[in-house]
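Me: I should like to work through this model one question at a time. Please reason briefly and finish each reply on the item requested.

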Amino acid sequence: MYDVIIIGGGVTGCAAAAELAKYQLDVCLVEKESDVCEGTSKANSAIVHAGFDAEPDTLKAKLNVRGNAMIAELSNKLDFAFKNNGAMVLCFEKDRLTDLKKLREKGEKNGVAGLEILSGDEARAREPRLSKEVKYALYAPTSGIVCPFEMTLAFAENAYANGVEFRLSTEVTAIEKISKGWKVTTDKGEILGRYIFNCAGVYADKIAEMANAGGFRITPRKGEYMLMDKDAGETVSHTIFQLPTKMGKGVLVTPTVHGNLLVGPTAEDIDDKENTSTTAGGLAEIRAKSALSVEGLPFGKVITGFTGLRAVGDTNDFIINEGAEGFFNAAGIESPGLTSAPAIAEMLREMLSKKTDLTPKTDHIDTRKGVVHFAELSREEQNALIAKDPTYGNIVCRCETITEGEIRDAINRPLGAVTLDGVKRRTRAGMGRCQAGFCSPKTILLLAEKLGCGIGGVRKTGREEVQKDA
């Protein structure tokens with residue numbers, strides 16, 4: 001019997017796993033997909049929010065500000081990309097200055113430092129491409145950007161290195177209370193645990209219902225995005241938000257940590273928890289609304305569009321509670337969920353500590369080294385790496401300068417990639433302007449070699465079992 005079963009391998013579940021791995025506990029994480037970071041955590045705005053938007057005295061406010069304070073140190077220790085680039089909230093109407101001041105006051109009540117209201121000219125002095133329609137801006141220096149894939153994978157790999165067991169491609173079908181804890185039935189057998197952490201994203205309400213530990217509803221909120229080439233990455237340096245206008249809630253414009261430009265999202269509540277399609281209407285909305293913020297956005301440099309689903313609860317706040325004896329919900333983790341994830345993990349651990357003694361490990365590993373990014377190395381470092389392993393001299397992805405050595409590392413490392421998307425999230429192979437047109441054949445061959453299957457058995461994504469050759 002495990003001490004804790006975590007259901008869900010997104011950023012919340014993986015952060016919780018990494019937190020619990022600091023203690024003498026037997027922990028198992030169950031994820032229905034073949035990899036972690038397959039749901040909301042893979043398709044979002046990648047923003048480390050400052051914390052001015054959440055209502056004071058809510059979990060969103062408290063955990064946002066705490067998570068924001070943790071990210072920089074975590075990025076250094078666990079080796080994932082993070083940049084403290086600051087954010088602006090734009091106001092387009094002079095009579096809305098009061099609303100901008102209220103937003104600043106809200107942030108100050110939440111404990112956000114350094115908030116400042118700028119005039120339109122002051123904002124344009126810092127961000128020259130801002131629209132001339134901008135009358136004021138709220139500046140938040142503690143806002144940042146992160147790589148959500150790297151962050152989730154970093155938590156997962158660190159948890160794995162410290163003894164957490166990961167059961168991937170394993171779907172929970174039933175949950176039953178037993179005398180000493182819980183029995184979790186999956187499509188691959190039963191798992192017993194003393195406690196359960198429900199971190200199942202858009203399915204958290206369904207998981208809670210299985211345990212009679214719910215009473216809440218999760219609505220998937222569909223958000224479409226447009227991603228532009230690295231040629232457009234310096235259009236803005238800050239993350240640019242909009243104060244809602246008469247046209248509705250705006251969209252953001254932001255650089256990414258890897259040098260692209262991201263625009264979006266839309267917001268549409270839907271019923272289908274798997275609908276990640278993009279639409280012509282959604283992309284048109286992004287173009288129209290983002291143009292209010294930044295002049296001359298280079299839409300001719302769009303290389304892809306994508307859609308994420310946010311897990312919106314019905315309480316207007318994160319749902320973090322003990323829904324039943326020994327069953328802890330971490331549900332409704334919409335924005336600012338990515339920022340809040342490490343703080344949510346701390347909160348769950350604290351709740352667990354009131355149920356059972358937690359003894360810190362003396363041999364806990366608090367650092368992790370990610371996949372080497374060959375293109376970011378100096379020429380001397382590149383040459384030394386190639387001398388050690390010649391596969392790093394073979395460029396597979398031309399757009400992002402990703403080498404065979406990086407792809408092999410992504411496949412062979414702990415919790416290694418088993419799909420094309422898994423390789424992409426670990427290395428960025430396939431994320432460039434050709435969108436995997438050049439690098440896919442070689443990546444497929446490398447995956448087939450590792451998995452022991454024919455190339456027809458290699459999947460782009462999904463949880464189907466690979467059929468090995470006879």
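Me: Which residue of strand 16 stands opposite T254?

Reply: This is a predicted model, with residues numbered from 1 along each chain as its sequence is written; local features need pLDDT of at least 70, side-chain atom pairs count only at pLDDT 80 or more, and totals for chains, interfaces and linings use all residues. Side-chain values use heavy atoms, with hydrogens and water left out. Strand 15 and strand 16 (residues 261-264) run antiparallel and are joined by four bridges; strands here are DSSP runs of E, at least two residues long, and helices are runs of H or I, at least four long, both numbered from the N terminus. Opposite T254 in strand 16 stands L262.

Me: Which residue in the hairpin of strand 15 and strand 16 takes a positive phi?

Reply: Strand 15 (residues 252-255) is covered on both faces, with L252 and T254 buried on one side and V253 and P255 buried on the other. Buried means under 20% relative accessible area, whereas exposed means over 50% and partly exposed lies in between (1.4 Å probe, protein chains only). Five residues lie between the two strands of the hairpin, and the positive phi, near 100°, belongs to G259.

Me: Which strands are the edges of the open sheet 3-8-4?

Reply: The sheet has three strands in the order 3-8-4, with antiparallel pairing; two strands pair if DSSP finds at least two bridges between them. Strand 3 and strand 8 (residues 144-146) are joined by two bridges, and V48 stands opposite G144 in strand 8. Two strands of the sheet pair on one side only, and these edges are strand 3 (47-48) and strand 4 (82-83).

Me: Is V146 buried or exposed?

Reply: V146 has its place in strand 8. Beyond its neighbours within four places in sequence, V146 is in contact with A46, V48, F80, A81, F82, M151, V257 and L338, where contact means heavy atoms within 4.5 Å. The relative accessible area of V146 is 2%, so this residue counts as buried.

Me: With which residue of strand 2 does I6 form a bridge?

Reply: Strand 1 is mostly covered, with six of its six residues buried. Five bridges join strand 1 to strand 12, the two running parallel, and V4 stands opposite Y195 there. Strand 1 also runs parallel to strand 2, to which four bridges join it. In strand 2, the bridge partner of I6 is L29.

Me: Which element gives the most residues to the largest nonpolar core?

Reply: A nonpolar core is a set of buried Ala, Val, Leu, Ile, Met, Phe, Trp, Tyr and Cys residues joined through side-chain atoms within 4.5 Å. The largest has 56 residues, of which I6, F155, F197, I320, L348 and L352 touch the most other members. Elements that give two or more residues to this core include strand 1 (2-7), helix 1 (11-20), helix 2 (59-78) and strand 12 (189-198). With nine residues, the element that gives the most to this core is helix 8.

Me: What is the relative accessibility of P342?

Reply: P342 is found in helix 8. Leaving aside neighbours within four places in sequence, P342 is in contact with A15, G67, M70, I71, L74, M151 and F155. On the same basis, the contacts of F155 are V11, C14, A15, A18, L74, L78 and P342. P342 counts as buried because its relative accessibility is 4%.

Me: Which elements do the buried residues of helix 10 pack against?

Reply: Helix 10 (residues 404-412) has E404, G405, E406, I407, A410 and I411 buried. These buried residues pack against strand 21 (395-397), strand 22 (402-403), helix 11 (420-427) and helix 12 (440-451).

Me: How many charged residues are in the lining of the largest cavity?

Reply: A cavity is a set of points on a 1 Å grid over the protein atoms alone where a 1.4 Å probe fits but cannot get out, and lining residues have an atom within 4 Å of a point. One cavity of 30 Å³ or more is found in the whole structure, and the largest holds about 90 Å³ of space, volume being the space filled by probe spheres set on the points, which are joined across faces, edges and corners. Its lining includes D79, E150, R368 and H373, and helix 5 (residues 148-161) gives the most to it, with three residues. With Ala, Val, Leu, Ile, Met, Phe, Trp, Tyr, Cys and Pro counted as nonpolar, Asp, Glu, Lys and Arg as charged, and the others, Gly among them, as polar, the lining has two nonpolar and two polar residues, and the number of charged residues is six.

Terms used:
1 Å grid on protein atoms, 1.4 Å probe; cavity = no way out; pocket = protein on both sides within 12 Å on 5 of 7 lines; lining within 4 Å.
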